[in-house]
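Please open the model in your viewer, with the sequence panel beside it, and keep a selection tool at hand. The stops below go from the whole chain to a sheet and then to single residues.

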Amino acid sequence: MEISVMKGVPTLLVDGRPYPPFAYMSYLGEKPYYQKIADAGVHLFCIPAYLGDRGINANSGIRPFRNSIWKGYRQYDFSSIETDFKKVVEADPHAMIIVRFYLDAPLWWEESNPGEATLQKDGTTFRQSFYSKKWQDETAGALLDCMDWISRSPYAKNFVGVHVAAGGTEEWFFHRQQQDDHSPLRTAQFRSWIAKKYRNDKNLQHAWKDPDVTLTSCAPSEIGLEKPEKRWRRPGEEQRIVDTFTFQSETLADNIAFFCKVVKKKSRGRLLTGAFYGYHYFLTDPKAGHGALAKLLKCPDLDYISSPNDYHRVAGEDWPPFAAVASVQQHGKLWMAENDTRTHLTTLLKEKAPGIPPPGWYESGVWVGPEKPETSLALLWKNAARMLAYGYGGWWFDMWGGWFDSPELLDVIAKTNLFYTSFRNAADNGQNTEVAVVVDEALSYRDASLGQLTGEMLRNRYSLGKTGAPYDLFLRSDLSSLKSKAYKFIWLLGVDGLSKAETEKIAKWEKSGITVMRTTETGTVFSSGAQKSAQIQWAPGELRSLYQAAGVHIYVSSNEVCYAGNGWVSLHTVSGGERTIYLPVRSDVSDPARSGFTASGVDSITVTLQPNSTLLLRVKPVR
């Protein structure tokens with residue numbers, strides 16, 4: 001199993017052939033659920049495994065979903081892994097299983113290594129320090145021993161990958177208790193990082209506006225003491241805290257890369273590697289440590305990157321991934337969306353596993369699914385449509401089990417796999433994404449409100465999903481290499497302090513006829529500053545008008561979620577009613593999900609949509 005770029009898109013290969021990149025996972029997985037998923041055609045699974053004995057959310061106090069594996073130095077209990085493998089393989093002998101290893105340290109390790117743990121201000125320790133080389137090395141040893149055990153087990157042939165996980169909610173966040181690590185480890189690593197960046201005391205003093213600081217005396221900011229202020233940090237000022245945020249993010253990226261390299265080396269490249277990271281498009285608190293995706297994308301040992309979908313989980317809105325997926329794909333990594341979509345069958349965790357959740361947690365808000373089955377169906381089809389149109393994968397995350405346990409919902413999962421396989425070799429579909437959005441993952445570092453102002457700017461993602469035109473999302477670090485041939489409109493969202501190279505690139509775009517729009521904390525500018533507006537947030541209709549002026553193809557004129565690409569057009573609606581979908585070229589159109597209507601050689605099609613529904617159409621140009 002491997003990831004290979006085919007026709008410009010990172011593709012999962014099994015035995016050298018493209019394979020549907022869709023998987024299934026549950027914290028409380030049971031054989032009947034695995035059996036139904038296998039019957040739906042999904043044979044890629046992910047199972048959880050805990051090296052340590054503590055839960056994934058230190059704030060809530062949730063208990064672990066599995067017994068710990070790592071009991072002492074070279075002492076293990078592999079029964080939890082064995083149980084999970086057995087359940088999956090008995091349900092599906094052909095299962096391909098990725099193990100999500102949670103690498104946070106066990107309590108015994110923390111107590112045995114207080115100097116390698118996070119040191120809190122009151123002198124107590126908390127789990128591992130992410131700056132500890134000993135934690136890295138000894139955890140890697142435990143991980144390798146786990147891999148050895150699996151390779152000697154009856155399930156060796158089913159073992160295809162390792163998802164490395166650590167920190168808050170398995171997603172490589174700093175736990176709140178780790179954000180200010182007062183251990184000498186952090187200070188020492190920070191000074192080493194600063195020395196590489198600034199090279200000498202003079203450069204550091206100039207950057208920090210501090211004549212007394214030196215490479216050997218500098219220390220990271222205590223970010224937990226920061227009080228949110230609704231302002232942007234002044235350019236060239238407050239560089240110490242910006243450096244602290246950057247350093248902490250890069251530390252997490254380095255840890256992910258380290259463990260991926262361990263897995264690749266041990267397996268001689270056979271096993272897939274992946275991790276959660278890069279939540280810059282949703283999580284705007286810089287203390288979390290998710291601002292070094294650009295660095296992680298250079299890691300040769302990482303195959304895929306993941307995040308949940310946007311947590312504004314209401315019908316009628318786009319739920320984009322948390323990161324710049326187009327950049328991830330441009331660097332040859334597969335994006336895997338975590339479709340933890342709540343349905344009318346979703347139950348509370350306390351009902352399924354009363355000993356795991358603390359009282360009052362995981363009981364309201366996003367943890368409750370919609371009441372109506374038809375809404376659940378529309379939401380799953382929306383997940384499927386986005387993955388198919390944007391060319392990435394994902395797993396159906398059945399958290400507590402049974403969320404998808406109905407024939408109608410399982411049919412969505414089955415058809416998603418079927419459509420990927422059946423329509424993969426279709427001819428050129430005539431669709432070009434004509435809008436590119438470029439974001440700066442370090443934007444929140446300059447945000448003295450600790451993410452509030454950044455969040456207001458990035459809230460434009462909801463409007464972007466309802467313009468009637470698809471868009472590609474890139475990191476600012478890829479701006480210089482952005483292939484702009486197909487784009488007619490490029491939005492630099494939160495990109496300020498342009499370098500000379502960036503300014504020259506923008507000038508080339510504009511000279512070639514591309515409309516460039518740049519929004520910063522002071523407003524929006526067009527055409528190299530010839531037009532200006534104080535506006536920061538834009539409504540779908542306003543963006544659509546700008547697109548139309550730039551010559552961008554608009555598929556639908558209503559403010560509804562529309563996906564288009566890879567031969568697919570999808571429309572998600574709450575109100576329902578009659579809609580006309582305009583195609584970029586004359587095409588044959590079919591409705592494979594419902595074996596519904598077909599139309600031949602049309603450049604538009606009028607459909608009647610049910611309320612709370614998602615329509616998925618296949619389009620094939622007429623040659």
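Begin with everything displayed as a cartoon: the protein has 16 helices and 26 strands, and the coordinates are those of a predicted model. If you switch to the C-alpha trace and align the view with its principal axes, the spans are about 70 × 65 × 45 Å. The radius of gyration is 25 Å, which agrees with the value near 25 Å that a compact globule of 623 residues would have.

With the whole protein still selected, colour the residues by burial, and 60% of the 623 residues count as buried. The exposed area comes to about 24300 Å², of which carbon and sulfur atoms supply 51%. Among contacts with a separation of 6 or more, 74% are between residues 24 or more positions apart.

**The five-stranded sheet**

Next, select strands E22, E23, E24, E25 and E26, which form an open sheet in the order E22-E23-E26-E24-E25, with antiparallel pairing. Strand E22 (561-565) and strand E25 (598-609) each have a single partner strand, so one side of each is left without a neighbour in the sheet. Looking across the strands, you can follow a twist that averages 15° from one strand to the next.

Now add helix H11 (residues 373-390), which packs on this sheet and touches E22, strand E23 (568-573) and strand E26 (613-621), its direction making about 35° with that of E22.

Then restrict the view to strand E24 (residues 577-590) and E25, which pair in the antiparallel sense over nine bridges. Which residue of E25 is the bridge partner of Ile581? Selecting Ile605 shows that partner.

**Three single residues**

Move to strand E6 (residues 70-72) and select Gly72, which lies in this strand. Its relative accessibility is 7%, below the 20% cut-off, and therefore Gly72 counts as buried. Add Trp109 and draw the C-alpha to C-alpha distance, which is 7.6 Å although the two residues are 37 apart in sequence.

Continue to Thr169, in the loop between strand E11 (159-165) and helix H5 (184-198). Thr169 has a positive phi of about 50° although it is not a glycine, and with a relative accessible area of 24% it is partly exposed.

Finish at Leu450, which is placed in the loop between strand E16 (435-439) and helix H13 (452-458). Leu450 is again not a glycine, yet it has a positive phi of about 60°; is Leu450 buried or exposed? At 12% relative accessibility, Leu450 counts as buried.

How values were computed. Residues numbered from 1 in each chain as written. Predicted model: local features only at pLDDT ≥ 70, side-chain atom pairs only at ≥ 80, totals over all residues. Heavy atoms only, no water. Pairing = 2+ DSSP bridges. Helix = DSSP H or I, 4+ residues; strand = E, 2+ residues; numbered from the N terminus. Axes fitted to C-alpha atoms, helices over the stretch in contact; angles between N-to-C directions. Contact = heavy atoms within 4.5 Å. Rg over C-alpha atoms; globule rule 2.2 N^0.38 Å. Buried < 20%, exposed > 50% of the residue type's maximum accessible area, 1.4 Å probe, protein only. Areas by Shrake-Rupley, 256 points an atom, 1.4 Å probe, with all protein chains shown as cover.
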